[in-house]
Amino acid sequence: HAETESIRRSTNKAENNQLKDQIKLNNGQMKDYDVLAQATPNWAKVMMAFAATVPEGVTINSFDAKLDTKKVIIMGQSPTREAVIQLYNNIKADTSNFKDIDYPLENVAKPIDVTFHYSFYIQEAALK
């Protein structure tokens, strides 16, 4: 009986040590994930915010974003000049996500079937 109890305690101690080692490993992996997650830009948030600025009928053909400069260049088509201007106003108004949008005059030269392009910058906080 004493020998059985000794073996049981020894086995429990080994199992406990294995469990502690596994917990330490899991905690380390979770910390690594947290560090990576905090350092990774949240593009989904930016894309959702941008999508909300696009008026009905306007098509975005390209969305080019540079992480290092936070500059975005978009190109697209619009059925009307008014919708192109509305897109500009919507992006300009979303100051929590975007800033410094340009206003190329060729975007508003035609009244209908407008090909347009804009460049603007993503706010640092929008990527977190």
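**Sheet pairing, helix packing and aromatic contacts**

Within strand β2 of this predicted model, V72 serves as the bridge partner of A65. A second bridge to β2 joins S62 with M75. These bridges belong to the antiparallel pairing of β1 with β2 (residues 71-80), which extends over seven bridges. The two strands form a hairpin with four residues between them, and in this hairpin K70 adopts a positive phi near 65°.

The sheet as a whole is open and comprises four strands in the order β1-β2-β4-β3, paired in the antiparallel sense. Its edges are formed by β1 (59-66) and β3 (98-99), each of which pairs on one side only. Between β2 and β4, antiparallel pairing runs over nine bridges, and Q77 is placed opposite T115 of β4. The antiparallel pairing of β3 with β4 involves two bridges; here F98 is found opposite I122 of β4.

One residue of β2, I73, has a relative accessible area of 32% and is therefore classed as partly exposed. Leaving aside residues up to four places away in sequence, the contacts of I73 are with S62, F63, D64, Y118 and S119. By contrast, A14 is remote from this position: the C-alpha atoms of I73 and A14 are 59 Å apart, with 59 residues separating the two along the chain.

Two helices are associated with the sheet. Helix α2 (residues 43-51) lies across β1, β2, β3 and β4 (112-122), and its direction is at about 145° to that of β1. Helix α3 (residues 81-93) also packs on the sheet, where it touches β1, β2, β3 and β4; the angle between the directions of α3 and β4 is about 10°.

The burial pattern of α2 was examined by residue. V46, A49 and F50 are the buried residues of this helix. Viewed down the axis of α2, they fall within an arc of 100°, so the buried residues line one face of the helix. A44 and M48, on the other side of α2, are exposed. The cover over the buried residues of α2 includes the strands β1, β2, β3 and β4 together with helix α3.

Six aromatic pairs are present in the structure. In one of these, F50 and F120 are stacked, with a centre-to-centre separation of 6.2 Å and an angle of 20° between the planes. Because F50 lies in helix α2 and F120 in strand β4, this pair ties together parts that are 70 residues apart in sequence. Both members are buried: the relative accessible area is 5% for F50 and 0% for F120. F120 also pairs with F98; the ring centres are 5.2 Å apart and the planes stand at 80°, so this pair is edge-to-face. The latter contact links distant parts of the chain, since F98 is in strand β3 and F120 in strand β4, 22 residues apart. F98 is itself buried, with a relative accessible area of 2%. Taken together, ring pairs join F50, F63, F98 and F120 into a cluster. Members of this cluster come from helix α2 and strand β4, in the case of F50 and F120, and from strand β3, in the case of F98.

The loop between α3 and β3 contains N97. With a relative accessibility of 9%, N97 is counted as buried, falling under the 20% limit for this class. The side chain of N97 makes a polar contact of 3.0 Å with that of D94. Beyond residues up to four places away in sequence, N97 touches K45, A49, Y121, I122, Q123 and A126. Among these neighbours, A49 is one of the buried residues of α2, and I122 is the residue of β4 that stands opposite F98.

Key
Residues numbered from 1 in each chain as written. Heavy atoms only, no water. Pairing = 2+ DSSP bridges. Contact = heavy atoms within 4.5 Å. Axes fitted to C-alpha atoms, helices over the stretch in contact; angles between N-to-C directions. Buried < 20%, exposed > 50% of the residue type's maximum accessible area, 1.4 Å probe, protein only. Arc of directions from axis to C-beta. Phe/Tyr/Trp six-rings, centres within 6.5 Å; stacked < 30°, edge-to-face > 60°. Polar contact = N/O pair within 3.5 Å; in protein donor to acceptor, adjacent residues only side chain to side chain.
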